[in-house]
Amino acid sequence: MIVNSVSLCFHNKLILAPMVRVGTLPMRLLALDYGADIVYCEELIDLKMLQCKRVVNEVLRTVDFVAPDDRVVFRTCEREQSRVVFQMGTSDAERALAVARLVENDVAGIDVNMGCPKEYSTKGGMGAALLSDPDKIEKILSTLVKGTRKPVTCKIRILPSLEDTLSLVKRIERTGIAAITVHGRKREERPQHPVSCEVIKAIAETLSIPVIANGGSHEHIQQHLDIEEFRQATAASSVMVARAAMWNPSIFLKEGLRPLEEVMQKYIRYAVQYDNHYTNTKYCLCQMLREQLESPQGRLLHAAQSSQEICDAFGLSAFYEETSQELDARRAELLAKTPEEVGEPAEDTSGVIKMAVKFDRRAYTPQITPKMCLLEWCRREKLAQPVYETVQRPLDRLFCSVVTVAEQKYQSTLWDKSKKLAEQTAAIVCLRSQGLPEGRLGEESSALYKRKREAPDQDPGGPRTQEPALPGELCKKPFVTLESGEKRTLEGW
C-alpha cells in the first residue's frame, strides 16, 4: 500500500467540517480558538481555483488565491497553516493534482469532497456523484497521493448497502490516503434523517486508517461532552462537526458553550481584521442567531449593508474604526517603501507621456469611450491599433495601464479599481496629449479629425509634430512573494 508522507495526525481530533459559505478564514480561526484541532475550508471547485493567482497580501498578512475578477476565492494565514485542510470539488485527477500543487505550500492537507449531495457539488460528476464511479475515485485519490507532499483525505457518504459501502472504503484505503471522513447518511438523506452510527462503526472496524465520524449534529451533538459520546458510538478515530459548530463554534471548548453574543462578537472581529466580505459575515451570523433573527439585534443584522453597519449592530463601532485606521496605516507604510519593495513604477528612460487623469463614465457621451475614440483615430491615421499593457499592484490590487501608439507610450499616474478603467485612462492621456477629442459631453464629433482636415496634403503615414514627452515612468510589473520565497513579477490580468 502506498503511504504518503504525513505530518497531520487524524487520531483523536476535533475537526471543523467543510461548510459552504461558513468555512472561511474567520470561522476557521474562531474554531481553533475554541479548541478545534483541525479545520477544513469550504468546498472550492477545481476549475475556479485553477483560474486563481497566489498573492501575498502584505496588508492583511495573508495568502490570497485571487480570481481574474479580483475576487478572493481562498484566503489563509500563518496561524492556521499547520491545521487547515483544503477541500476541493473535482471530477478529474489531473485538475485535482494541479489544484493540490497550487495550494500545498499554504495548507496542512488536501481533501476531496465525495459526499455533498447538493446540485452545486454533484453537477459535473463531483461530490456525491463520485460515489457511483469507484474507478474515478481511485484514480483521483491515487494521483493526489503520488503527486503531492501533503496528506490526502476524502469525505464520503454511505451507500445503500453495507456490503457496497465496505467494498468502496477498502478500495479507497488502498490508494494510500491518510484518513477518510464518513457522513453517516445516504446520498438522498438529509439532516432530519437519523445518522447511521452502526455503518460508521463497521467502517472503522474494517479499515486500518483513521475514520472520522460526521453527521452527528443536533441528533447526537449539542454540547462538548456529546462529541466524545458520538466518537465512541461510531468507534471512529476522530469526530468532524458541521452544523453544531456553525450554530456555536464554542462547541469545541471543553469548558462548555460560551454565550452566543460573545461568540458572534469574536467572529465579527476576525471578519473585520481579515476583510471578510460583509455578505459572508452576515450569512454566518444569521446561522448563529437562528431563532433570534426576529430579535432587535437580528433585525439590525438583517438591515446591515456593510461591515461597518454589522459592527454598529453589535456594539463594535469603535473596533471597526480602530481596525480600519490600523489597516490604512499599514497600507500607507508599505506604499512608502522603495519601488522595488512594493512594485511601484520604476524610471523608464524611453520616456512615457504621463498625466494624472481618471475616467468618469458620467462625463462622456453615451456609447462612446476614450478607447473607441483612440482606436478610430488610429484607423483613420493608418496607424497600428493601440496596444495596452495593464498590471496590478499586489498591495491594494489597483490597476495601471500603459498604451502604446506609434511607438510612444502613455500612462495615467493614478491607479484604478479595474483593468477596464485603467485602459480608459491611458487612452485619455494619449488623446489629450495629441489634442484629440475623447468623447466627453459637449465635444463636437467632427473635432476628432480636425487636425487631419487642417492639413489635407500631409501624408498620413509621414512624420507628425509630437508634443514633448513629460517626465514619467513606464509601469514595471509588480512583485509578489511566491511560496519559495523568491520574488516574481505579477502578470497583468
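How many of the contacts in the protein chain with a separation of 6 or more come from residues 24 or more positions apart? Those residues account for 68% of them, a contact being heavy atoms within 4.5 Å.

Some ground rules before going on. This is a predicted model, where local features need pLDDT of at least 70, side-chain atom pairs count only at pLDDT 80 or more, and totals for chains, interfaces and linings use all residues. Residues are numbered from 1 along each chain as its sequence is written, and side-chain values use heavy atoms, with hydrogens and water left out.

**Confidence and overall make-up**

The protein chain has an average pLDDT (the predictor's confidence in each residue, from 0 to 100) of 86, and 86% of the residues score at least 70. Two stretches stay under 50: residues 1–6, with 18 contacts beyond four places in sequence, and residues 445–493, with 110 such contacts. Where pLDDT is low, the predicted coordinates should not be read in detail.

There are 18 helices and 18 strands in the chain; these are DSSP runs numbered from the N terminus, with helices being H or I of at least four residues and strands E of at least two. Of the 493 residues, 53% are buried, where buried means under 20% relative accessible area, exposed over 50% and partly exposed in between, using a 1.4 Å probe and protein chains only.

**Cores**

A nonpolar core here is a set of buried Ala, Val, Leu, Ile, Met, Phe, Trp, Tyr and Cys residues joined through side-chain atoms within 4.5 Å. The largest one has 114 residues, of which M49, F86, I180 and F252 touch the most other members. Helix α10 supplies the largest share of this core, seven residues. Leaving out residues up to four places away in sequence, F252 touches L14, I15, L16, A31, Y34, G35, A36, H224, V241 and A245. A second, separate core has 18 residues, including I353, V357, A427 and I428.

A31 also turns up in α1, along with L25, P26, M27, R28, L29, L30 and L32, as one of its buried residues. That helix is mostly covered, with eight of its nine residues buried. After α1 comes G35, with a positive phi near 120°.

**Pockets**

On a 1 Å grid over the protein atoms alone, a pocket is an open set of points where a 1.4 Å probe fits, with protein on both sides within 12 Å along at least five of seven lines; lining residues have an atom within 4 Å of a point. Grid points are joined across faces, edges and corners, and a volume is the space filled by probe spheres set on the points.

| Pocket | Volume | Closest to the centre |
|---|---|---|
| Largest | about 1400 Å³ | V72, R75, D275, N276 and H277 |
| Second largest | about 710 Å³ | P18, M19, K118, Y120 and A242 |

Among the elements giving two or more residues to the lining of the largest pocket are α1 (25–33) and β6 (72–76), but α14 gives the most, with six. By class, that lining has 20 nonpolar, ten polar and 15 charged residues; Ala, Val, Leu, Ile, Met, Phe, Trp, Tyr, Cys and Pro count as nonpolar, Asp, Glu, Lys and Arg as charged, and the others, Gly among them, as polar.

For the second largest pocket, β9 provides the largest share of the lining, three residues. Its lining splits into 14 nonpolar, eight polar and eight charged residues.
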